[in-house]
Amino acid sequence: MTRRFLISALLTIAALAPMAAARLYGYISDKENNPLTGIIVRLYRYNGSSPVSFTRSDKNGAFSIQSDSLPAKLSFSSPKYELREIIVEDSVNLLKIKLVRQAYELNEVIVKAPHTRVKGDTISYDVSAFTAKGDRSIEDVIKKLPGISVDNNGRIYYGEKPISNFYIEGLNLMGNNYSVASRNITPDDISTIDVYERHQAKRVLKGVLEDDRAALNLRLKKGRMLQPVGHVTGGAGYGGNPLWLGKLYGMLISPKNQTIISANGNNAGKPYESLDCDRDGSTAYSIFKRTPFGIPPVSENRFLNNKSAYFTANTLFKLPDEASVKINTSYNLEHSRFDNHTRTEYLGTDIGHPVFEQSVSSGISRHNIYTVASFEKNKESLFISDQAWFNGTFNDNSYDLSRSVNLFQRVRSHNFKAGNKLDAIFRRRGKVYELSSFTSVDNTPVNTLTSTVWENGAAIAQTVKGISITNSESTSFSRLLSRKSTIGMGLFFRADYDKLFSLGETDSKPVTSNDISGFKLRSTATPYYKFSIPGKFSLSVHFPVNLYNINYTDLATGQKYIHNRTYVDFSAKLMYKPSPMFLTNMETGRAFTTGDMSNFVVNPIYTTYRSSSCLGNGALNIARRDFIKGDFNYRNLLEGLYLICTASYSKTKHNTLSVNDVKTDGASTTSSSIYATNRTESTFVSFVATKDVREWSTLFSLNGSGMWNTRNSIRSGHEIRTIGSYYTAGARIETILFSEYLRIDMNAVYSRSIQNFKGLMPNVSLSDFSLNCHISVFPFKSLEIYGKADLRRNQLSSGLYKTNLFIDAGARITIKRFEIELAGTNLTDMRKYEYTICNALDLQNYSYTLRPIEALLTLRYSF
């Protein structure tokens with residue numbers, strides 16, 4: 001009896017227990033029975049949710065996987081095919097699996113190429129794939145990326161717009177002064193450059209507000225983290241005078257801290273300019289230009305005799321809870337001199353075309369200190385930023401002039417600017433609240449112009465002083481109606497207090513002074529609506545309602561001007577991205593603008609010894625601008641093709657008309673304005689096309705632009721309508737040949753400008769052509785021999801052209817951490833550069849004295 005019971009129990013348990021371990025075999029194909037390779041096969045227990053084993057199909061589509069029990073569940077997955085799951089009861093039959101290709105949105109997948117990776121609005125470039133022999137800084141690599149350009153000051157543009165942020169490891173250490181980093185970080189330090197299209201830096205606003213500009217991010221190689229990186233450079237040479245150069249750059253990047261320090265000095269023709277330093281000032285400060293007698297459109301080391309120094313220190317500490325503290329400071333010293341001769345022909349006068357000529361030796365002396373401290377917390381639910389800054393600029397410029405008599409002009413100005421900006425954004429359950437507060441004080445206690453005739457003593461002595469105080473407060477509220485719709489209201493208030501005082505005398509005779517002060521208040525309410533499909537489409541509409549309260553008083557005469565009026569603006573922005581390859585932006589609207597205190601400066605202020613200006617006519621300048629603009633972007637990074645086209649049109653109605661008067665001998669000019677209706681129109685189109693042929697190691701680029709504008713002005717009592725046209729066409733090729741032994745970079749640009757005066761005067765047409773060629777030869781891996789040719793053909797007048805050819809050459813050798821370079825500039829010994837421009841109603845011919853042949857030997861040590 002017991003024996004029968006045990007046998008029955010064992011049979012029952014065997015019947016209820018899972019089958020024993022077994023190996024499962026199968027074959028995976030598509031609908032056309034083509035074998036599928038690399039399909040992931042996952043094994044699950046019958047009622048399990050976690051895989052216990054996995055494998056992949058081989059090149060024949062076959063797979064096998066061991067199961068410890070049956071029945072079991074198998075899943076078959078691939079990014080290109082729909083997921084399929086089956087239950088396997090036994091291991092007797094061969095499994096035949098067919099998968100169906102799935103439809104998916106391209107912007108949700110990762111597109112891979114040998115050197116490029118795209119995911120959504122982020123494009124990542126492998127730096128090593130874009131780096132060639134001769135690339136010394138990461139800026140050299142950035143210039144090669146599709147759609148990106150860099151101007152002479154180091155400002156980076158993506159398409160037609162400057163980038164919004166320059167990150168290093170996701171942190172914005174340098175602010176707008178990123179050229180210090182981009183021109184000193186070497187390609188060997190960076191693994192990847194990320195381009196963030198339509199980048200919203202504030203995480204709290206992602207999905208609510210998009211920026212139409214891009215940002216760049218540098219990702220360092222692992223070996224460059226947590227250790228000092230940089231270089232020290234010293235140089236000496238000769239070119240009529242002894243030359244010297246010194247440079248120190250150091251960078252330390254860690255997950256919690258970033259620090260960059262740079263110190264530079266030279267007399268080799270290279271001044272230093274901080275992109276982060278706000279050069280704007282009060283009305284009194286902005287009256288005088290540093291180079292009122294012109295500056296040539298060529299590199300500074302061609303014409304500038306200088307002694308320049310620059311120092312900057314920047315550090316950022318990353319704090320817990322997505323917070324950071326940052327301090328940036330810089331000091332700039334410049335003593336520069338250059339010489340030129342100017343010939344100006346004044347068109348449209350009753351006495352024909354008077355001509356005025358003068359020779360000028362300009363001496364620029366400037367000290368500038370700029371410092372900013374900021375705190376930021378950047379979370380998805382909260383954004384807080386507080387920034388305080390100080391900017392002090394001290395100019396003492398002199399100008400030696402000669403014509404019929406010799407003159408000396410001096411301009412001294414001191415300007416101090418300090419301010420604070422606080423931003424806070426809160427996001428709770430689909431609601432977004434914004435607060436912003438901005439305060440600045442801009443003081444110009446010293447601003448003087450004196451002009452002396454050597455034989456007769458003082459000719460002009462003038463003092464201009466001013467102060468400007470600004471405060472703005474803003475807040476906004478928005479609510480997410482759904483995942484796609486947002487409505488909101490923005491409130492903005494700004495108060496400006498301005499004061500300007502001027503007093504001068506000419507030939508020891510007092511002239512009428514200006515003593516103006518007052519305030520301008522602007523209160524704005526902006527309701528808006530936005531509809532968006534993330535990554536695909538967005539439409540936003542804004543209706544700003546502006547109330548202006550303006551009150552200015554002429555303290556000298558007691559006359560007051562009061563203006564209280566409401567203006568309604570409108571703007572609509574559309575973004576459409578049908579696929580990762582195409583992007584279109586459109587914007588249209590109407591905007592009103594009003595003038596400021598300068599409209600009531602009606603007594604002349606001398607801007608040079610021979611030019612005076614009445615900044616206003618006693619009437620507030622009011623303008624209405626209607627505009628439409630758009631751009632179209634196409635990119636195919638797998639094929640290395642990039643295209644961007646832009647177009648814009650605007651029509652503006654002013655209530656003032658500019659007046660330019662010239663004396664019969666052309667020796668003095670006066671600019672002013674009258675109260676009259678004035679309409680201007682402007683049209684602009686451009687395109688940039690880039691093709692990267694990786695198989696040939698060659699980059700092709702084409703670009704072109706056209707600009708047309710019309711404007712009215714008065715000269716010698718006659719109203720003249722001027723139609724200006726400006727065209728450019730350019731082509732560039734960069735190629736590497738013979739296994740990287742030869743590198744060629746050529747860039748050609750043709751431009752043409754036309755001024756049409758509607759039959760009142762003959763048209764003025766000028767054209768220019770430039771060709772730049774940079775050739776590098778690498779006999780050995782560590783040796784570069786290079787030559788640079790800069791050919792410029794400028795039209796001086798009808799049928800008269802001037803050709804300038806500059807040639808530079810040098811050699812650079814690298815020995816471990818040391819780099820030695822011998823560079824020669826202006827080897828053709830060009831000593832004069834001439835060109836002509838048509839500036840409004842004036843035809844101006846410039847001739848600049850150039851630096852001689854120079855040679856500079858530098859030694860650089862990298863650490």
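So, the nonpolar patch on the surface: in this predicted model, Val232, Leu248, Ile813, Ile815, Phe818, Ile820, Leu822, Leu857, Leu859, Tyr861 and Phe863 form it, and together they have about 900 Å² of accessible area. Which elements give two or more residues to that patch? Those are strand E45, residues 800-815, strand E46, residues 818-825, and strand E49, residues 854-862.

Let's pick one member, Ile815. You'll find Ile815 in strand E45. Is Ile815 buried, partly exposed or exposed? With a relative accessible area of 47%, Ile815 counts as partly exposed, because the exposed label starts over 50%.

Okay, now over to Ser540. This one sits in strand E30, which covers residues 537-542. Ser540 has a relative accessible area of 12%, so we call Ser540 buried; the cut-off there is under 20%. And what does Ser540 touch, if we skip its neighbours within four places in sequence? The contacts are Tyr529, Lys530, Ser571, Ala572 and Lys573.

Last stop, Thr37. If you're scrolling along, look at the loop between strand E1, 22-29, and strand E2, 40-45, and that's where Thr37 lies. Leaving out residues up to four places away in sequence, Thr37 touches Ser57, Asp58 and Lys59. Have a look at Asp58 in particular: the Thr37 side chain reaches the backbone oxygen of Asp58 at 3.4 Å.

One more distance for Thr37. Take Gly134, which is 97 residues away along the chain. How far apart are the C-alpha atoms of Thr37 and Gly134? The separation is 42 Å.

That's my tour, thanks.

Note on methods:
Residues numbered from 1 in each chain as written. Predicted model: local features only at pLDDT ≥ 70, side-chain atom pairs only at ≥ 80, totals over all residues. Heavy atoms only, no water. Helix = DSSP H or I, 4+ residues; strand = E, 2+ residues; numbered from the N terminus. Buried < 20%, exposed > 50% of the residue type's maximum accessible area, 1.4 Å probe, protein only. Contact = heavy atoms within 4.5 Å. Polar contact = N/O pair within 3.5 Å; in protein donor to acceptor, adjacent residues only side chain to side chain. Patch = residues over 30% accessible without salt bridge, like charges linked within 9 Å, V, L, I, M, F, W, Y side chains within 5 Å. Areas by Shrake-Rupley, 256 points an atom, 1.4 Å probe, with all protein chains shown as cover. Salt bridge = Lys/Arg side-chain N within 4 Å of Asp/Glu carboxyl O.
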